[in-house]
Amino acid sequence: MKAYYHARAQEYDDWWLGRGLYADRKPPDWDDARDGLISFIRSLPPARTLDVACGTGFITQNLPGEVTGLDQSEAMIEIARERLPEATFVLGDALHLPFPDESFDRVFASYFYCHLEEPERVRFLAEARRVAPELVVVGTIGREGEAAARWDARVLNDGSRWQVYKRVFDPDLLAAELGGEVLYARHRLLVVRS
């Protein structure tokens, strides 16, 4: 996973913006879906937030309050630092967060939790709860008949091919899994807080 996201850094925002290889695959309502999610994220109460797997900072830039971004890819962190020079960015492992207990008010994870298999999920949740009392997870709502967990084949602009573990969620089941509540569920995008 680390190598895939490092290789994808320069084209990562293409997915959010529906351009490049994603231009022909984005749903008709994608811009509204993305903008609705961003608007919701901006409406969260300001907090000292750790954005885990922050990537290029595309979503990070919308988090209210004092934000620290963490990613395991230096290429992603470089882009995020250019985008948000006022924020703090740390190169590190989300399964071994390099922060003391209770360092933050909130841990935020956008499309990270969906890539974790069971042992990694357990470790991440323990680490997130160690450093903050609140966890906010962004993910995708599964469609009827869609496999909830699978290995997706992905191709990057350079033609390289990757296998990526991916989960999609039923909002209520994810809320139960995290011991939390659904805050947002629209256009196949969801936000759960625990």
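Here are a few friendly questions and answers about helix 3 and the cysteines of this predicted model.

Reader: How far apart are the end C-alpha atoms of helix 3, and what span should its residues give?
Author: Helix 3 covers residues 30–42, which is 13 residues. At 1.5 Å a residue, they should span 18 Å. The model agrees with that expectation, as the end C-alpha atoms are 18 Å apart.

Reader: Which residues of helix 3 are buried, and how do they lie around the helix axis?
Author: The buried residues are Trp30, Ala33, Arg34, Leu37, Ile38, Phe40 and Ile41. Seen down the axis of helix 3, they fall within an arc of 160°, so they line one face of the helix.

Reader: What do those buried residues pack against, and which exposed residues sit on the face turned away?
Author: The buried residues of helix 3 pack against helix 2 (12–17) and four strands: strand 4 (106–110), strand 5 (134–140), strand 8 (181–186) and strand 9 (189–193). The face turned away from the buried side carries the exposed residues Asp32 and Arg42.

Reader: How many disulfides does the structure hold, and why is cysteine 54 not bonded to cysteine 114?
Author: A disulfide needs two cysteine sulfur atoms within 2.5 Å. For cysteine 54, the closest cysteine sulfur is in cysteine 114, 15 Å away, so the pair is too far apart for a bond. The count of disulfides is 0.

Reader: Is cysteine 54 buried or exposed, and what about cysteine 114?
Author: Buried means under 20% relative accessible area. Cysteine 54 has 6% relative accessibility, so it counts as buried. Cysteine 114, with a relative accessible area of 1%, is also buried.

Terms used. Residues numbered from 1 in each chain as written. Predicted model: local features only at pLDDT ≥ 70, side-chain atom pairs only at ≥ 80, totals over all residues. Heavy atoms only, no water. Helix = DSSP H or I, 4+ residues; strand = E, 2+ residues; numbered from the N terminus. Expected span 1.5 Å × (residues − 1). Buried < 20%, exposed > 50% of the residue type's maximum accessible area, 1.4 Å probe, protein only. Arc of directions from axis to C-beta. Contact = heavy atoms within 4.5 Å.
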